[in-house]
Amino acid sequence: MMRKTLRYALLSLGAVATTFPFVWMICTAFKTYTEAASPTLRLFPDVWQWRNFLETFDAAPFGVYFSNTFLVAGVVTGSAIVTSMMAGYAFARLRFPGRAVVFGMVLATMMIPFEVTLIPNYVLVTRFGWRDTYAALIVPWCANAFSIFLMRQAFLGLPADFFDAAKIDGCGHLRFLLWIAGPLVKPMIVTVGLFAFLGSYNSLVWPLVVTGKDTMRVVQVGLTVFSGAEGVQYNLLMCASTIVILPTVGLYFAAQRHFLEGSLGAGIKG
Amino acid sequence: MIRVPTLGILFCLMVTALGCGGPAGFRPIEPDKVLFWDRQTVENADLLHGIVDQFNAGREGLPVEAQYSGGYSEIYRKVTTSIQARALPAMAVAYQSMTVEYIQAGAVVPLDSFISDPEVGLSSEELDDFFPVVLETNRFSEFGGQMCSFPFCKSVLMLYFNKRVLSEAGIDTAPATWHQFLEQCRQVKSDTGKYAYAIDVDASTFDGMIYSRGGDVIAGTETLFDSPASLDALKLLETLAKEKLGYQIPPGSYDDRDALAQDRIAFLFRSSSHQASVGRLMQGDMARWGIKAIPQADPSDPHTVLYGPNICIFRTTPEQERISWQFVKAFTSPETTVRWSLGTGYLPIRKSAENHPEMKAFWKTWEYNRAAFDCLGFARSEPNVAGWQEVRDLIENAQTAVLTGKRTAEQAAAELKGQADAVLAEAGG
């Protein structure tokens, strides 16, 4: 009984520590500029400032930013799933010359920091004339080594007998991938999708660099308008942040079960 | 052993990589617009767009478009990335340390030929109307003294003080000298038990402390951080820390402003552009605080630091470069500089603003509104030599080392001088 109480107490403490920043963010979203700037740990505002939400939407065209973000993140997610499934399957199941070398090269790209690829990617995008287009926001992120690696590991985990049996029944690689292997690795597909979506949804530097027009910008760029040279409008920034995280929180809860299965299966942390 | 297909793949990759070599010269990112990358947001951005619209309405040809491009560091990143891509905006805001790098990359258009152009240039009367320091900061000695940018958002280092806290300590006038400043800090501590000064570790503030002691930070290619003025400034920080008269706020935070507004400290040093934010934190209680020139060694020969970014014009096309200059000229006209100043809190950069009715009316609304403008005449710019951005980091490290007791003022000064000189030698070499 004692151990159980202690365990719950520790878990509760962890839960409070994890959720406190979110609660603080939501409460700060309703504070005045002065209250939000105060260093005291007072959580709740004196008067709940609902008009902060109006001010936030007045400060930048968040409606446009949201629609751009969903479009970009949606296409990036779909593309990342398709490319990682196909590449992962190829690396796991197909035998072709140079497979190990190519896979090694794909994995090696994970070691290259974003900062290093920023300039070459930007040069390419500019030469293609893609600046201020959805192509610039989407194409460079349609495939990534981490997702390919995850899918390869998932496909390697399937018994070879499945493929042999399917082959005897006349099933080719594509049909096997789509109708047999795909459903079996669904948790991993969800995980890859979530990572791709969150990566795209949260990206700031790339969209900031390749876009200039408000009509092409995404929500993370929108958040920066509240940080000026003379200080940060914490109340409005937290207000915008509260709105911005809602879709990702919703998505997480919707896909929570698959995400946990996929994460635990692949040994992913954090 | 490497097999033939693998070699083929490697060959393809090499060919692709070689194909990435770029042609020489720059081109505009937007051929049909004169793009201006800026960092103004919300109300300031609205005002800037209004000024841009007014400029576009009064002429024919390519329109100017101001685009919010993130903070200064993001704009720097965008510009350096664009330099690699050989495709640039027509203009961007830039601090001198950024401009140096753009000049080294061959991306900046020197403005001297535009300034002296009989058709679109500035007359000697017009040039005389600018405060000398705002132009001087845009001349780069390492590049033949050329004017490589033009003033945009200017402000000066000021002393902000809380009258209520000073009054609790029996002080009725904010300090005019560094000696008085230290004495008042001690008095605030002893009479109220409060810290007197929330220290924002900042290279520009430190430079201001040196300038106001009659010193300088650089002579030729060598820094002067071992000079008496520099040593005095570090000793002041040492004393403030040892006697617990001041405390260091987290880097990048604005906790000093909050502390001032909550009557927890008496002093802070910030750029004059923070005046509006401090006023908001004071919730309109303007009798509770004030702003004045930073303390001096000799108040009859005052100095302070000039802050703020400038506008760089990039190599794009002759037409875009010319329109950019025309915009810069219009933006810094007597009427527009006043409009910009009243709308944003930055300082008007023309001397004639002193007689502008709207400026006069603004200055009358609060006794300290004019204080920053009065400092422009004796403000000094910080060095704009290659490597100075790195030196700024070293200055801040030295300040922190003294405040945390890791180094004495003498040790920090000697170390800073050695490190900074090495950085400048490397950057200049």
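Colleague: Looking at β2(B), which residues cover its two faces, and are they buried or exposed?

Modeller: This is a predicted model, so take what follows in that light. Five of the five residues of β2(B) are buried, so the strand is largely enclosed by the rest of the structure. Both faces are covered, and the residues there are all buried: B:Val34, B:Phe36 and B:Asp38 on one side, with B:Leu35 and B:Trp37 on the other.

Colleague: OK, and how many bridges join β2(B) to β3(B)?

Modeller: Strand β2 covers residues 34-38 of chain B, and it runs parallel to β3(B). Two of the pairs can be named: B:Val34 has B:Val64 as its bridge partner, and B:Phe36 stands opposite B:Ala66. The number of bridges joining the two strands is five.

Colleague: Which are the edge strands of the sheet that holds those two?

Modeller: The sheet is open and mixed in its pairing, with five strands in the order β3-β2-β5-β17-β8 of chain B. An edge strand here is one that pairs on one side only. That gives β3 (64-68) and β8 (150-151) of chain B.

Colleague: There's a helix lying across β2 and β3 of chain B; at what angle does it run to β3(B)?

Modeller: The helix is α2 of chain B, residues 42-57. It lies across β2 and β3 of chain B, and its angle to β3(B) is about 165°.

Colleague: Zooming out, how far apart are the centres of the two domains of chain B?

Modeller: The domain assignment splits the chain into domain 1 (27-154 + 308-371) and domain 2 (156-306 + 385-428). Taken over C-alpha atoms, the centres of domain 1 and domain 2 of chain B are separated by 29 Å.

Colleague: And which element gives the most to the side of domain 1 of chain B that touches domain 2 of chain B?

Modeller: In that contact, 14 residues of domain 1 of chain B meet 16 residues of domain 2 of chain B. Two elements give two or more residues to the domain 1 side, α4 (96-104) and α7 (132-136) of chain B. That side divides into eight nonpolar, four polar and two charged residues. With three residues, the one that gives the most is α4(B).

Colleague: What about the chain A side of the contact with chain B: which element has the largest share?

Modeller: Here 27 residues of chain A are in contact with 32 residues of chain B. On the chain A side, the elements giving two or more residues are α2 (33-37), α5 (99-108), α6 (114-127), α12 (205-210) and β1 (227-228) of chain A. By class, that side has 16 nonpolar, nine polar and two charged residues. The largest share, six residues, comes from α6(A).

Colleague: Within chain A, what percentage of the residues is buried?

Modeller: Chain A has 15 helices and two strands. Its C-alpha atoms fill a box of roughly 70 × 65 × 30 Å along the principal axes. Of the 270 residues in chain A, the buried ones make up 35%.

Colleague: Take α4(A) and α11(A): what is the hand of their crossing?

Modeller: Helix α4 (residues 62-93) and helix α11 (residues 186-201) of chain A pack at about 145°, with axes 8 Å apart. Residues meeting there include A:Val72, A:Val76 and A:Ala80 from α4(A), with A:Ile189, A:Val192 and A:Gly193 from α11(A). The contact has ten nonpolar, five polar and no charged residues. As for the hand, the crossing is right-handed.

Colleague: Back in chain B, is B:Ser230 buried or exposed?

Modeller: B:Ser230 sits in helix α11 (residues 228-242) of chain B. Leaving aside neighbours within four places in sequence, its contacts are B:Ile210, B:Gly215, B:Leu224, B:Phe225 and B:Ala413. Being buried takes 20 or more C-beta neighbours within 10 Å. B:Ser230 has 27 of them inside 10 Å, so this residue counts as buried.

Colleague: Last one: B:Lys244 has a positive phi, so where does that residue lie, and is B:Lys244 buried or exposed?

Modeller: Phi of B:Lys244 is near 55°, positive in a residue other than glycine. B:Lys244 lies in the loop between α11 and β13 (246-248) of chain B. The limit for an exposed residue is 12 or fewer C-beta neighbours within 10 Å. B:Lys244 has 10 inside 10 Å, so B:Lys244 counts as exposed.

Note on methods
Residues are numbered from 1 along each chain as its sequence is written. Chains are lettered from A and ligands numbered from 1 in the order in which they are written. This is a predicted model: local features need pLDDT of at least 70, side-chain atom pairs count only at pLDDT 80 or more; totals for chains, interfaces and linings use all residues. Domain bounds come from an automatic or database domain assignment. Two residues are in contact if their C-beta atoms, placed from the backbone, lie within 7 Å. Helices (H or I, at least four residues) and strands (E, at least two) are DSSP runs, numbered from the N terminus. Ala, Val, Leu, Ile, Met, Phe, Trp, Tyr, Cys and Pro count as nonpolar, Asp, Glu, Lys and Arg as charged, and the others, Gly among them, as polar. Axes are lines fitted to C-alpha atoms, for helices over the stretch in contact, and angles run from 0 to 180 degrees between N-to-C directions. A crossing is left-handed if the near helix is turned anticlockwise from the far one by less than a right angle, and right-handed if clockwise. Two strands pair if DSSP finds at least two bridges between them.
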